[in-house]
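Open the structure in your viewer and keep the selection tool at hand. This tour goes stop by stop.

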Amino acid sequence: MLTLYGCYRSRATRPLWALFETGLAFAHVPIIQAYRLADSAAADAPENTASPSFLAVNPMGQIPAMVEGDLVLTESLAITLHIVRRAGGPIAPANDAETALMEQWALFATSAIEGPALEIMLALTQGQDKAAEGAARVAKAAEALRRPLARLNAHLATQDWLVAGRFTVADIIAEECVRYAQPHPTLLAEFPAVSAWVARCQARPAFQKMWAGRLAEPA
Ligand SMILES: N[C@@H](CCC(=O)N[C@@H](CS)C(=O)NCC(=O)O)C(=O)O
């Protein structure tokens, strides 16, 4: 049995969404980030990223992490790709070319989109006390995103999904990076094919299940 460590309000959304898509059985240990304990409604969380029991799993003290038998993985991308390979089915690659393309889009999203998109989410959801500084951070991050979002938009203008004409793990990882930019009031609207694809991704029952779990967690 695969065990996934990490609360929903973290990058654990990627493997959780993939697990719900595949139906693979798993045990969930909702470890929370230690830095959130001070001001979170989850301050009484019994286990967190600084707990000795979790540091024995991931000495970096970060979530998500996954254990399956002797295999321990501590990067969300590696965990999510592993899950879909284990489960097989339509969201997994069917051949080497599809593997390469799914890895390409997943790496593109985590290297070109995740950082500035996260900056937008953090500035707009946590930085209200310093409005001017927050607005400058958001503008800079939005500018950094326009080139990769234009690339994504051009790709999605002629197809519904990133790889092989079907929904795959590449869409999960890329959408979960783009999602961080959604609090920006206008940015995604500049890229209509990206906006339509995000809506398609988020309409999936497995995304909705993951999102309900996220909303049910203390902020
Ligand atoms: N590259 C890692 C990043 C993991 C990461 O930064 N996780 C955050 C939560 S989303 C965390 O555990 N933060 C707690 C900390 O860094 O102390 C991955 O994608 O898994």
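Which atom of the ligand is 2.7 Å from an N or O atom in the side chain of Ser 76? It is an oxygen atom of the ligand. Taken alone, the ligand exposes 510 Å², and the protein buries 76% of that. One caution before moving on: this is a predicted model.

**Stop 1: the ligand**

Stay on the ligand. It sits in the largest pocket. Now select the residues around the ligand: Ser 10, Arg 11, Gln 33, Tyr 35, Gly 61, Gln 62, Ile 63, Pro 64, Glu 75 and Ser 76. Pick out Gln 62 from this set. A polar atom of the Gln 62 side chain lies 2.9 Å from an oxygen atom of the ligand. Next, pick Glu 75. Here a polar side-chain atom lies 2.8 Å from a nitrogen atom of the ligand.

**Stop 2: Ile 63 and Pro 64**

Both of these residues are among those around the ligand. Show the backbone between Ile 63 and Pro 64. The peptide bond joining them is cis, with omega about 5°. Pro 64 belongs to the loop between helix H2 (52–55) and strand E3 (65–68).

**Stop 3: His 82**

Select helix H3, then His 82 within it. Is His 82 buried or exposed? His 82 is buried, because its relative accessible area is 11%, and buried means under 20%. Show what His 82 touches, leaving out residues up to four places away in sequence: Met 66, Glu 68, Leu 71 and Leu 73. Then draw a distance from the C-alpha atom of His 82 to that of Ala 18. The two residues are 64 apart along the chain, and these atoms are separated by 10.0 Å.

**Stop 4: helix H1**

Select residues 13–22, which form helix H1. Why is H1 described as largely enclosed by the rest of the structure? Eight of its ten residues are buried, so the description fits. Color the buried ones: Thr 13, Arg 14, Pro 15, Leu 16, Trp 17, Ala 18, Leu 19 and Phe 20. Just after H1, click on Gly 23. Its phi is positive, near 80°.

Go back into H1 and choose Phe 20. Phe 20 has a relative accessible area of 18%, so it counts as buried. Leaving aside neighbours within four places in sequence, Phe 20 is in contact with Tyr 8, Phe 26, Ala 206, Lys 209 and Met 210. For another distance, take the C-alpha atoms of Phe 20 and Thr 3. They are separated by 14 Å, with the residues 17 apart along the chain.

**Stop 5: helix H6**

Select residues 169–178 for helix H6. How many of the ten residues of H6 are buried? Ten of the ten are, and the helix is mostly covered. The buried residues include Val 169, Asp 171, Glu 175, Glu 176 and Cys 177. Now display what covers them. The cover includes H1, helix H3 (76–87), H4, helix H5 (131–156), helix H7 (192–202) and helix H8 (205–216).

**Stop 6: His 155**

Move to helix H5 and select His 155. With 16% relative accessibility, His 155 counts as buried. Look for a polar atom of the His 155 side chain: the backbone oxygen of Leu 162 lies 2.8 Å from it. Add Trp 105 and Trp 161 to the view. His 155 touches both of them, as well as Leu 162, not counting residues up to four places away in sequence.

**Stop 7: Ala 164**

Select Ala 164, in the loop between H5 and H6. What is the sign of its phi? It is positive, about 65°, although Ala 164 is not a glycine. Ala 164 is partly exposed, with a relative accessible area of 44%.

**Stop 8: Glu 98**

Keep Ala 164 in view and add Glu 98, since the two are in contact. Glu 98 belongs to helix H4 (residues 96–126). It is buried, at 12% relative accessible area. Which side chain does Glu 98 join through a polar contact of 2.6 Å? The partner is the side chain of Arg 166. Beyond neighbours within four places in sequence, the contacts of Glu 98 are Ala 92, Pro 93, Val 163, Ala 164 and Arg 166. That is the last stop.

Conventions:
Residues are numbered from 1 along each chain as its sequence is written. This is a predicted model: local features need pLDDT of at least 70, side-chain atom pairs count only at pLDDT 80 or more; totals for chains, interfaces and linings use all residues. Side-chain values use heavy atoms; hydrogens and water are left out. Helices (H or I, at least four residues) and strands (E, at least two) are DSSP runs, numbered from the N terminus. Buried means under 20% relative accessible area, exposed over 50%, partly exposed in between (1.4 Å probe, protein chains only). A polar contact is a pair of N or O atoms within 3.5 Å; within protein, one must be able to donate a hydrogen and the other to accept it, and residues adjacent in sequence count only if both atoms are side-chain atoms. Contact means heavy atoms within 4.5 Å. A residue is near a molecule or strand if one of its heavy atoms lies within 4 Å of it. Accessible areas come from the Shrake-Rupley method with a 1.4 Å probe; for residues, only the protein chains shown count as cover. On a 1 Å grid over the protein atoms alone, a cavity is a set of points where a 1.4 Å probe fits but cannot get out, and a pocket is an open set with protein on both sides within 12 Å along at least five of seven lines; lining residues have an atom within 4 Å of a point. A molecule sits in a cavity or pocket if more than half of its atoms lie within 2 Å of its grid points.
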